[in-house]
Amino acid sequence: MISILFIPCNERKRKVKKKILVTRSSMPPKEEYYKEIEELWGSHWLTNMGVKHNKLEDELKQYLEVENISLFTNGHMALELCLQAMNLKGEVITTPFTFISTTHAIVRNGLTPVFCDINPKDFTIDVSKIEDLITDRTCAIVPVHVYGNICNVEEIERIAQKYNLKVIYDAAHAFGVKYKGRGVATYGDASMFSFHATKVYNTIEGGAVCFRDEEFGKSLYRLKNFGIKNEEVIDGIGANAKMNEFQAAMGICNLKYVNEEIKKRAKIVERYRENLENIEGIQLTEIQSDVETNYAYFPVVFHEKEFGATRNEVYNKLKEHNIYSRKYFYPLTNSCECYHGRFNVENTPVALHIANRVLTLPLYAELEFGDVDEICRVILSLHRA
């Protein structure tokens, strides 16, 4: 006898449902990109600070409201070479609640990261704990703007001036963000942006450093271009971290649409909040006052006792439904295997608590409200009744 398993129609539809990824790269109309790169077949100038590269620099200066900017092949090299150009020695106060690139950039410069905990509301560096970490070896602070939330830039500036410290912001998540009407890139001695494909604004891969000091800019330029000063003089040991023309062309095209992309993301975040606010056991980041955010990510913290399920259980349940979230940031950088035994993760208990409980949910401009509602339905199916 043959047994036939009957699957209800709506269940069959659910099982073959499209994947909902945690992010999707923003791309301009392909005809616009083709037009932007067309002249490259005539010039054959594909890299080494060509027309597209220089055009993008000029447009980003205006958009970010900065006087100086240097483009890079990716955000990591932008931060690593920025730190090197500062000629820093000793200890750097930073946060472990970040992508591993931040910590690697510090360590690869021969500097010692000193990890400061984060505040539990917006997950940026806890400025009330910075001064206790300052020693006679401290040379700089590398705070991280997180998820589109920005650090307490005013208090960081006060501390830096008091102790004569450099401030280099990891602003990978903060493209286009403003505080009190002022572009976030204007704070600190320098700010690094990532233009990776997963970011609000992308150049396929890419990054930039915005800075104040023009002499610093010259050092930064030589470091990203093999240490070359001019055609006959190489007076430093540099790397190769230049942005190519195809990346720059994508950046030129995407910049036209980034404000509209941010508006679309804002509506999606609002929809998530309508579904998930005031649910016991779910913590959403507080909306920062005086901040025009870019809605880069939508993090949710799950407190398992109140919610009824752990972060990992929510992650797996979403995955069963072809929905891909991300444990971001996890693990903390001070707990990664490559730094085993060097740092004590218990020194940053708030960061550890959040890292073990946070998920970033799918967020991109084309995400449909119906998909947001489905994501939230799956999450709330695990909520304690």
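Trainee: How much space lies in the largest cavity?
Mentor: About 40 Å³. Keep in mind that this is a predicted model.

Trainee: Okay, and how many cavities of 30 Å³ or more does the structure hold?
Mentor: Just one.

Trainee: Which residues line the largest cavity?
Mentor: The lining is made up of A172, H173, A174, F175, K199, V200, Y201, N294, A296 and Y297.

Trainee: What does that lining look like by class?
Mentor: Seven of the lining residues are nonpolar, two are polar and one is charged.

Trainee: Let me pick N294, then. Where is N294 placed?
Mentor: N294 sits in the loop between β11 (291-292) and β12.

Trainee: Does N294 count as buried or exposed, and why?
Mentor: N294 counts as buried because its relative accessibility is 1%, and the cut-off for buried is under 20%.

Trainee: What does the side chain of N294 reach at 3.0 Å?
Mentor: That would be the backbone oxygen of H173, and H173 is also one of the residues lining the largest cavity. In addition, a polar atom of the N294 side chain lies 3.1 Å from the backbone nitrogen of A296.

Trainee: And which residues does N294 touch, leaving out those up to four places away in sequence?
Mentor: N294 is in contact with Y147, G148, H173, A174, F175, V177, V200, I262 and R265.

Trainee: Let's move along to β12. How many of its residues are buried?
Mentor: Five of five, so to speak: strand β12 covers residues 298-302 and is mostly covered.

Trainee: Which residues point which way from β12?
Mentor: F298, V300 and F302 point one way, while P299 and V301 point the other way.

Trainee: Which strands does β12 pair with?
Mentor: Strand β10 (residues 282-284) runs antiparallel to β12 and is joined to it by three bridges. Strand β13 (residues 358-361) also pairs with β12 in the antiparallel sense, over four bridges.

Trainee: What stands opposite F302, and what is the bridge partner of F298?
Mentor: I282 stands opposite F302. For F298, the bridge partner is L361 in β13.

Trainee: New topic: helix α6. How many of its residues are buried?
Mentor: Six of the eight residues in α6 (residues 100-107) are buried. They are I100, S101, T102, T103, A105 and I106.

Trainee: What do those buried residues pack against?
Mentor: They pack against helix α5 (75-85) and against strands β2 (91-94), β3 (112-115), β4 (138-142) and β5 (166-170).

Terms used: Residues numbered from 1 in each chain as written. Predicted model: local features only at pLDDT ≥ 70, side-chain atom pairs only at ≥ 80, totals over all residues. Heavy atoms only, no water. Buried < 20%, exposed > 50% of the residue type's maximum accessible area, 1.4 Å probe, protein only. Helix = DSSP H or I, 4+ residues; strand = E, 2+ residues; numbered from the N terminus. Pairing = 2+ DSSP bridges. 1 Å grid on protein atoms, 1.4 Å probe; cavity = no way out; pocket = protein on both sides within 12 Å on 5 of 7 lines; lining within 4 Å. Points joined across faces, edges and corners; volume = space filled by probe spheres on them. Nonpolar A, V, L, I, M, F, W, Y, C, P; charged D, E, K, R; others polar. Polar contact = N/O pair within 3.5 Å; in protein donor to acceptor, adjacent residues only side chain to side chain. Contact = heavy atoms within 4.5 Å.
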